[in-house]
Amino acid sequence: MEQLKYEAFKTKYKIDLNQQQESAVTETEGAVLLLAVPGSGKTTVLVSRLGYMIYCKGIMPEKILTVTYTVAATQDMKNRFEKKFGSEVSDRLTFRTINGISYKILQYFGEITGKSVYDVADKELPGIIQNLFRTVTGTFATENDCKMIQTGITYVKNMRLGKAEIKKQDFGVEDFYRIYELYCDELKKLKKIDYDDQMVYALRILEQYPQVLEYFQDKYLYFCVDEAQDTSKIQHDMITLLSAKSRNLFMVGDEDQSIYGFRAAYPQALISFEKRFPDAKVLYMEANYRSREEIVKVADKFIQSNQNRHQKSMRSKRAAGGCVKKIAVKNRSHQFQYLIKVARENQREIAILYRNNESALPLIDVLSREGIPYRIRNTDMTFFSHPVVRDLSDFIKFALDQSDADTFLRIYFKMGAGISKVAAEYAVNHNRGSNSLIETLLNECDLPPYSVKQCRSLLTHFKHMLNENAGKAIYRVLHYMGYQDYMDSRSMDQGKAEILKILGDQIQSIADFLIRLEELKGIMNSGTTNFHSNLILSTIHSSKGLEYERVYLADVLDGILPGMEEPKGKNASSQERNLYEEERRLFYVGMTRAKQELYIFTFENGSTSRFSKDIFMIPDQKRAPVANLKNSSYNRPLWSGLK
């Protein structure tokens, strides 16, 4: 293959790069870390660098391994290279995810040893987890339980945690370690592995079988790693081992955009890169080509508050003409009303970004009622199986049928009436026909005076729930029927109750509310979307790597984003500080999706995000509790419109 001079290479392939980008393209030997700010042309540089290595340096394409974070990114990178340099060379390059590399390692190991490689369990995993959860806890696993267990398993394996370390972790699941042990045993019995095991066993083989390691170290002499801030500890360890012989490791990423800590993303590998590779070169791409100057300046100043990062500054290559504006609303419900008004009047591309999938529900509820088209990126069904949502739904079900024994047994101890298990079971076993189980308690059980008083009160509340809208009924359950105290005692998610309250305010009867919840579940499950709509709903996580003309950052409230208080003082652990810095990074990623206009909500009720206050220099004010829904504005329908 003809080797070109760099200037001839640029001319032939129409490559136009700034000075920092050119440095990244031409630095091909040794360990190199490229820190690329949002919108800096990272993929363009990666593709150009591959072309430079082949056409200017004479490196054989077969000796280059490019590692991407997702299968979609792998195909996109290959397509972009092929479009620029042609399919002949593109077909000789290797683009793989870490799991793709791991599979090749396992396959080669099987070939040279004659040992069979276990198949990857995929469809079987949910059933395995559900069965093990029931075995350990005695209860059925919800979709929410299964998701937390799977996330925990992925975290454990990717962080290479030992038994003692696993037991210190809080994955939000009772007896997680026992479930994890049984899960690993079950896979061994079935002679199966999961996708995380692919990496675990591949790395173990590389560490224990020198001939396998040597084969792959000789096969690939140049390693390019994209989205390095999102890769996990085990992935970094594998890449480091594979590149140890050639020492030609090119890592591209930005610790400021590392937002997948719950999936075991390990940005520390970027921060400590110079320590692990003493002769490493650290390069920067600090020019943002995506966003207007106003957005870049605000976002850069915001992220500078993080300490655990390389010192770099983002600058815009676009002129002024954009905006960063706050939208001051009274409370969360008013925020949704404002966004519905925007959706009704919208003629241009806008993205409404939020942290949690549930934040889209009040919007989807109204958009679907009114037939307003929208696109939604990524949906999550765990909201509907969350304990708070199930409990509040059960209170409503019981109000509609107070002889429902199964529902009563799920909630009697959550009513704040001091009802014992013995009394509850007695009422169920001795109830006659369709009589109220609470009346049976009062008439036939020897209850303490406090329980008698509370049960009489509960009867009154359940009666009133039948004649009020669902929002008021949910408020009643929270604040007059003991459930708020139950949530507080267990530090349960207050935000779920608030979303239900906002949804309930649109529905006049509690029976219709249960029907609407099922409808919304169906809408979310089907992924209803209109690919031609210019209204996009997305979590910030799902929007990473994308860009939009106008961005609205919604539900940026203390307790949601950030989801924790800022750790201060000498007693704050490094883990707490790292978690808080990831919260800031998530907000930053949301900000830097905007090309022209960025709008951030602030709230008069005192729940404004700490980060929003930093951006707009808002003084601290007394924060209203998340569950304080007394404001009458919560009872205004979202479709009532705003003037």
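Helix H18 (residues 361-370) has seven of its 10 residues buried, so the rest of the structure largely encloses it. Here "buried" means under 20% relative accessible area, while exposed is over 50% and partly exposed lies in between, using a 1.4 Å probe and protein chains only. The buried ones in H18 are Leu361, Pro362, Leu363, Ile364, Asp365, Val366 and Leu367. Just after H18 comes Gly371, with a positive phi of about 70°. Helices (H or I, at least four residues) and strands (E, at least two) are DSSP runs, numbered from the N terminus.

A quick word on what you're looking at: this is a predicted model, where local features need pLDDT of at least 70, side-chain atom pairs count only at pLDDT 80 or more, and totals for chains, interfaces and linings use all residues. Residues are numbered from 1 along each chain as its sequence is written, and side-chain values use heavy atoms, with hydrogens and water left out.

Now for a pair of helices. Two packed helices are described by the angle between their axes and the distance between the axes. H22 (residues 421-430) and H23 (residues 437-444) pack at about 105°, with axes 9 Å apart. That makes H22 roughly perpendicular to H23. The axes are lines fitted to C-alpha atoms, for helices over the stretch in contact, and the angles run from 0 to 180 degrees between N-to-C directions. Under 35 degrees counts as roughly parallel, over 145 as roughly antiparallel, 65 to 115 as roughly perpendicular, and the rest as oblique.

Who meets whom? From H22 come Ala423, Ala424, Tyr426, Ala427, Val428 and His430, and from H23 come Leu437, Thr440, Leu441 and Glu444. Contact means heavy atoms within 4.5 Å. By class, this contact has seven nonpolar, two polar and one charged residues. Ala, Val, Leu, Ile, Met, Phe, Trp, Tyr, Cys and Pro count as nonpolar, Asp, Glu, Lys and Arg as charged, and the others, Gly among them, as polar.

Next, some empty space. The second largest pocket has a volume of about 460 Å³. Of its 21 lining residues, the closest to the centre are Lys157, Tyr180, Asp197, Val200 and Arg204. (A pocket is an open set of points on a 1 Å grid over the protein atoms alone, where a 1.4 Å probe fits, with protein on both sides within 12 Å along at least five of seven lines; lining residues have an atom within 4 Å of a point.) H10 (176-190) is one of the elements that each supply at least two lining residues, and H10 gives the most, with seven. The lining divides into 12 nonpolar, no polar and nine charged residues.

Finally, here are three single residues and how far each one's C-alpha atom is from that of a partner.

| Residue | Partner | Apart along the chain | C-alpha separation |
|---|---|---|---|
| Leu458 | Met415 | 43 residues | 8.2 Å |
| Arg318 | Pro210 | 108 residues | 51 Å |
| Leu206 | Lys233 | 27 residues | 16 Å |

Leu458 sits in helix H24 (residues 449-465) and is buried, at 2% relative accessible area. Leaving aside neighbours within four places in sequence, Leu458 is in contact with Met415, Ala417, Ile438 and Met481. Leu206, in helix H11, is buried too, at 2% relative accessibility. Not counting residues up to four places away, Leu206 touches Ile105, Val212, Leu213, Met238, Leu241 and Leu242. Arg318 lies in the loop between strands S10 (315-316) and S11 (323-329) and is partly exposed, at 23%.

Methods
Grid points are joined across faces, edges and corners, and a volume is the space filled by probe spheres set on the points.
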